[in-house]
Amino acid sequence: MLRGADLRVTRPRVAVLGAVHGLPHADTDAIIGAVRAEEGDVSHQAVYDVLRALTAVGLVRRIQPSGSVARYEARVGDNHHHVVCRTCGAIADVDCAVGEVPCLTAADDHGFVIDEAEVIYWGSCPDCSTARP
């Protein structure tokens, strides 16, 4: 994947890419923890730099729901959406459900050429919704 994106293959890049694949919607702290468990002492800055590079070439997608830290996922290129639990912050993928994929039919595009849509559904996950009194 790295070579296909014209990136040098380095141990930190492989470790970060593996962490993002293994931990969907992980924040940087979780990714750093997974990388350090595999590679030992890797700096925060190195992980941030790798995440930035992977995002720039489209191997990783960065999402940041309102009120949340940035999170990363390896599911890229399909313009899927997300559902976020208001209580615990759990995040799950939601496939495009309405309109032509990738949900680019705006009621009024104001003359823009739209190439991406980002939708976040908010609610309560199954665990939190059954835990309410």
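How many of the 5 residues of strand E4 are buried? The count is 4 of the 5, so E4 is largely enclosed by the rest of the structure. Keep that strand in mind as you go through the views below, and remember that this is a predicted model.

**View 1. The whole chain, with its 4 helices and 6 strands.**
Let's start with the big picture. Going from the N terminus, the elements come in the order α-β-α-α-β-β-β-β-β-α. The C-alpha trace spans about 45 × 45 × 20 Å along its principal axes. There are 133 residues in the chain, and 33% of them count as buried. About 8200 Å² of the protein chain is exposed, with carbon and sulfur atoms supplying 52% of that area. Now look at contacts between residues with a separation of 6 or more: 45% of these come from residues 24 or more positions apart.

**View 2. Strand E4 pairs with E5 and with E6.**
Here is the strand from the opening question, covering residues 81-85. With strand E5 (residues 91-94), E4 pairs in the antiparallel sense, over 4 bridges. With strand E6 (residues 120-123), E4 pairs in the parallel sense, again over 4 bridges. E4 and E5 also make a hairpin, with 5 residues between the two strands. In the turn of that hairpin sits Gly89, which has a positive phi of about 85 degrees.

**View 3. Val83 and a nonpolar patch on the surface.**
Zoom in on Val83, a residue of strand E4. Opposite Val83 in E5 you'll find Ala92, and opposite Val83 in E6 you'll find Tyr121. Is Val83 buried or partly exposed? Its relative accessibility is 31%, so Val83 counts as partly exposed. Together with Val119 and Tyr121, Val83 makes a nonpolar surface patch of about 210 Å². So Tyr121 turns up twice in this view: as the residue opposite Val83 and as a member of the patch, because patches are made of residues with over 30% relative accessible area and nonpolar side chains are joined within 5 Å.

**View 4. An open sheet of 3 strands, in the order E1-E3-E2.**
This sheet has antiparallel pairing. Strands E1 (26-27) and E2 (61-63) stand at the edges with a single partner strand each, so one side of each has no neighbour in the sheet. E2 and strand E3 (residues 71-73) are joined by 3 bridges. For one of the paired residues, look at Arg62, whose bridge partner in E3 is Tyr72.

**View 5. Ala70, in the loop between E2 and E3.**
Ala70 has a relative accessibility of 13%, so this residue counts as buried. What does Ala70 touch, leaving out residues up to four places away in sequence? The list is Ala26, Asp27, Thr28, Arg62, Ile63 and Gln64. Ala117 is another matter: it lies 47 residues from Ala70 in sequence, and their C-alpha atoms are 18 Å apart.

**View 6. Thr55, a residue of helix H3.**
Thr55 is partly exposed, with a relative accessible area of 29%. Setting aside neighbours within four places in sequence, Thr55 is in contact with Val60, Arg62 and Tyr72. You've already met Arg62 and Tyr72 as bridge partners. Glu73 is 18 residues from Thr55 along the chain, and 9.6 Å separates their C-alpha atoms.

**View 7. Helix H1 and what covers its buried residues.**
H1 takes in residues 11-22, which makes 12 residues. From first C-alpha to last, H1 reaches 16 Å, close to the 16 Å expected at 1.5 Å a residue. Its buried residues are Arg13, Ala15, Val16, Leu17, Ala19 and Val20. Their cover includes helix H2 (28-39), helix H3 (44-56) and strand E3.

**View 8. Asp6 and His110, each with a positive phi.**
Most residues other than glycine have a negative phi. Asp6, in the segment before H1, has a positive phi of about 60 degrees although it is not a glycine. His110, in the loop between E5 and E6, has a positive phi of about 55 degrees and is not a glycine either. Asp6 counts as exposed, at 74% relative accessibility. His110 is exposed too, with a relative accessible area of 62%.

Definitions and conventions
Residues numbered from 1 in each chain as written. Predicted model: local features only at pLDDT ≥ 70, side-chain atom pairs only at ≥ 80, totals over all residues. Heavy atoms only, no water. Patch = residues over 30% accessible without salt bridge, like charges linked within 9 Å, V, L, I, M, F, W, Y side chains within 5 Å. Areas by Shrake-Rupley, 256 points an atom, 1.4 Å probe, with all protein chains shown as cover. Salt bridge = Lys/Arg side-chain N within 4 Å of Asp/Glu carboxyl O. Buried < 20%, exposed > 50% of the residue type's maximum accessible area, 1.4 Å probe, protein only. Pairing = 2+ DSSP bridges. Expected span 1.5 Å × (residues − 1). Contact = heavy atoms within 4.5 Å.
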